[in-house]
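Work through the following exercises with the sequence and the structure open beside you. Each one sets a task and then solves it step by step.

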Amino acid sequence: MHRLNPFVSAVALATLVFLYLPMLAIAILSFNRTRYGLQWNGFTTDWYTRLFQNTEILEAARNTLVLAVVSTVVATVLGTLLAIALERYPWGQRSRGWLDNLLYLPVVTPDIILAVALVVAFGALRAVSSTFEPGLLTMILGHVTFQIAFVALTVRSRLQSLGRDLDEAARDLYADYGYFVRRVLLPLLTPGIVAGAMLAFTLSLDDFVISFFTAGPTSQTLPLLIYASVRRGVTPEIHALSTLIFLATVLLVLASERLTRR
Amino acid sequence: MQATPQKPVSSLGKFVVWFGELTTPSRLYRRGLWFLLPAVVWILALLVIPGLALVALSFAERGQYGNVLWHWNLENYSRLLGYGIFGWSPDTIFILLRSIWVAFVTTLICVVLAYPLAFFIATRPARTRYLWLALVIIPFWTNLVIRTYAWQMLLSPEFPFAKVAHALGIIPADGALYPSAFAVYIGMITAFLPFVVMPLFSSVERLDWSLVEAAQDLYSNRVRTFFQGIWPQTLPGLTVGIILTFIPAMGMFVIPDLLGGAKYLLVGNLIQQQFYSSRDYPYGAAVSLGLMILTLFGLAIYRRRGQGVELV
C-alpha cells in the first residue's frame, strides 16, 4: 500500500468532519430541552415522541412515501423499456443520436429549469382538465420526468455488459419473445433494474425544487415542510425529524452499497 | 462496451435474423417502438415541448394580473441585459455573472479539497475502503434542505464560528455569519464536494503507481510528481466531477435562498421570484433560457475535453 503524506490524511479527515458537522449539530440539538433558541438546557427525547403525534408531519411523511413509491414504479417500468429499446433494436445512426440526446436531456437540465417547464406544462394542461391542479399527481408526473433517464442509464449499462449471446442462444432454442423476456432477459436484468429503482427512489425522496414548484396545498412533503419551517422558525421537532431522515439515508446508502457491490 | 450491430444481419428474402430471432424488419421496428414510445412521449410532453413553450414565452409580455399577453417583443431580453424603465442598471448582469463566479469558486475549492480525500480513501485497505467511500456518499444523499438549514444554525451567533468571527472583528457582537456570500460558499462546498470526490476516487483507484515511483526514482520533487505523474491520470474523473459541480451550482436555488438571502441573489433565485412571487412568467422564461444557454455552453466544453467519459 502507498503511504500518504500525513498532511494529506489530516486534510482529508478534516474535510470529512466538515461534511458531517451540520448533521452532528442537528442530531445534538434534537435532544435539547430548549423550545426556542439554541442554548443547551438538558437532555430529552420528548421531541421524538411529539413527532409521532404531529399530524402535519405524519401527513407529509405519508405524501413523501406515496410520491416516491408511485413515481419510482412508473419510472422504473418506463426507464427499463426505454433501455431495452435503445440497446436491443436496430435504430439508425441518426435516430440513435437523437434518442441519446433525449435521454441525457433530463440529466443535464438544471432542476429549476425542469421545474419551470413543468409549471408551464401543467398551466396549459389545466386549461384542458382540472386533474392537473397542483397536487400529488402533478408532483408524480414531474418526478417521473427526471427519474426515467436515471433508470434507463443504469439499466442500459447492465444490458451492455450482459452482451447478446444469451439472447441469441435463447431464441435459437425456440424461446418465443414472451418466454424469453420472462425467463431470460428480466432475471438477468434484475440487478440493474433494482439499482436504477433505488437511485430513482432516493432522487425522489431528496427532491426539493421540482416538488416546490409543482406541489399543491394538500400535498406537502417532508423537504417542503422542513423548508417552510425554516422560514417560519425551526422547532426542535424539525431537528428530530431531520435526524430520523438522516438515519434513514444512512440505512439506504448502506443497503444499496451491499446490493450493488455483490 | 460491445458494439451493437446497426442493421439486422443475414437477409432471407423479406425475412431477417436478428440475434437468433427470425422476423421481418417491420415487425422488429414495430415491437421496438412499443418499448421506446412510452418514455419518449413522456419526456417530449413534459420536458421538450414545455421547454420550447418557454422559448416562445420569453418573447411575450406580462399582463397586469400576472397573465401572459402574446405581444411579441424582446423586452425580456433587454431587461436581462439590465435595461429597465429607469434606464440601465447592472443588477441582473451582476446576478448572472455572480452565478458563474460562485459556481467557479465552488468548483475550484471542491477540487482542491477532493484530491486529499480521494487519495485518502483509495489508499485505505480494501476491506474498509468502501466504508470510507460510503462516508462521503451519505452526506451526498442527505436532503439538501436539511444540510442547508443546519449551516444556518451553525453560523448563527450562539455557535463558535460566529464567536470566532466576532473575536477577529469581522462581525459585530451577536451578529450571525449568514446571510452572506461566505455562508453561500460554505453551503455550496459541502453540497458539491461529494460530486467531485466520487468520480475522482474512481480515477485514483485505478492509478498506475509505477509512474509515481518512476518519477520519485528520477528525483522529481513532489509538485512535479503530482502535476506530471498523477494529475494527468486523474483527468477523466476530474472532468466528470467538475461538470457535475459547475453546472448544477450555477442553477442552485435552495442554498442561496437560505444562506444568501437578498444580499447574495443567484440566477436560480431570480427565476424562482418570477414564477412565484412576481408572477412574471415571460421574464422568468427569458432568465431560464439564459441559464440553459450557460449550461449548454458548459456541456460543450465538457464534450470537447472529456470524450469517452460517461456522466452517470
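Helices, at least four residues long, and strands, at least two, are DSSP runs that are numbered from the N terminus. The model is a predicted one, and it scores ipTM 0.90 and pTM 0.88.

**Exercise 1. Two unusual backbone spots**

Task: Find which residues a cis peptide bond joins in chain B, and say where A:Tyr174 lies in chain A.

Solution: Begin with chain B, where the cis peptide bond joins B:Tyr178 and B:Pro179, with an omega of about -5 degrees. Next, place this proline among the helices: B:Pro179 belongs to the loop between α6 (160-167) and α7 (181-205) of chain B. Then turn to chain A, where A:Tyr174 has a positive phi of about 65 degrees, although it is not a glycine. Finally, locate that tyrosine, which sits in the loop between α7 (165-172) and α8 of chain A.

**Exercise 2. The make-up and spread of each chain**

Task: State how many helices and strands chain A has, and decide whether chain A is more spread out or less spread out than a compact globule.

Solution: Count the elements of chain A to begin with, which gives 11 helices and 0 strands. Read from the N terminus on, they follow one another as α-α-α-α-α-α-α-α-α-α-α. The radius of gyration of chain A is 23 Å, well over the 18 Å that the globule rule gives for 262 residues, so chain A is more spread out than a compact globule. Its C-alpha atoms fill a box of roughly 75 × 65 × 30 Å along the principal axes.

Now take chain B through the same steps. Chain B has 12 helices and 7 strands. Its radius of gyration is 26 Å, while a compact globule of 312 residues would have one near 20 Å. Along the principal axes, the C-alpha atoms of chain B fill a box of roughly 85 × 70 × 35 Å.

**Exercise 3. A helix pair inside chain A**

Task: Describe how helix α3 (residues 55-88) and helix α8 (residues 177-206) of chain A pack.

Solution: Two packed helices are described by the angle between their axes and the distance between the axes. For α3(A) and α8(A), the angle is about 140 degrees and the axes are 9 Å apart. Since angles over 145 degrees count as roughly antiparallel and 65 to 115 as roughly perpendicular, with the rest oblique above that range, α3(A) is therefore oblique to α8(A). The crossing of α3(A) with α8(A) is right-handed. Among the residues that make the contact are A:Leu67, A:Ser71 and A:Gly79 of α3(A), together with A:Ile193, A:Ala197 and A:Phe201 of α8(A). Sorted by class, the residues of this contact are 8 nonpolar, 8 polar and no charged.

**Exercise 4. Where the two chains meet**

Task: Say how many residues each chain gives to the contact, and compare two helix pairs that cross from one chain to the other by describing each in turn.

Solution: Start with the whole contact, which takes 80 residues from chain A and 74 residues from chain B. On the side of chain A, helix α1 (residues 6-29) gives the most, with 14 residues. That side of chain A has 58 nonpolar, 13 polar and 9 charged residues.

Consider next α1(A) and helix α3 (residues 91-122) of chain B, whose axes come within 8 Å and cross at roughly 105 degrees. With that angle, α1(A) and α3(B) are therefore roughly perpendicular to each other. The residues in this contact include A:Val8, A:Ala12 and A:Thr15 of α1(A), and B:Leu113, B:Pro116 and B:Phe120 of α3(B). The contact has 8 nonpolar, 2 polar and no charged residues.

Then look at helix α4 (residues 93-108) of chain A and α1(B), which pack at an angle of about 50 degrees with their axes 11 Å apart. These two helices, α4(A) and α1(B), are therefore oblique to each other, and their crossing is left-handed. The contact is made by A:Leu102, A:Leu105 and A:Pro106 of α4(A) and by B:Val40, B:Ile43 and B:Leu47 of α1(B). The classes in this contact are 6 nonpolar, no polar and no charged.

**Exercise 5. Confidence along chain B**

Task: Find where in chain B confidence is lowest and where it is highest.

Solution: Take the chain average before the parts: the mean pLDDT of chain B is 85, and 94% of its residues reach 70 or more. Among its elements, confidence is lowest in strand β1 (residues 9-12), at a mean of 59, and highest in helix α1 (residues 25-57), at 93. Lastly, the pLDDT is below 50 over residues 308-312 of chain B, a stretch that has 8 contacts in the model beyond near neighbours in sequence.

Notes:
Residues are numbered from 1 along each chain as its sequence is written. Chains are lettered from A and ligands numbered from 1 in the order in which they are written. This is a predicted model: local features need pLDDT of at least 70, side-chain atom pairs count only at pLDDT 80 or more; totals for chains, interfaces and linings use all residues. Two residues are in contact if their C-beta atoms, placed from the backbone, lie within 7 Å. Ala, Val, Leu, Ile, Met, Phe, Trp, Tyr, Cys and Pro count as nonpolar, Asp, Glu, Lys and Arg as charged, and the others, Gly among them, as polar. Axes are lines fitted to C-alpha atoms, for helices over the stretch in contact, and angles run from 0 to 180 degrees between N-to-C directions. Angles under 35 degrees count as roughly parallel, over 145 as roughly antiparallel, 65 to 115 as roughly perpendicular and the rest as oblique. pLDDT is the predictor's confidence in each residue, from 0 to 100. A crossing is left-handed if the near helix is turned anticlockwise from the far one by less than a right angle, and right-handed if clockwise. The radius of gyration is taken over C-alpha atoms; the globule rule is 2.2 Å times the number of residues to the power 0.38.
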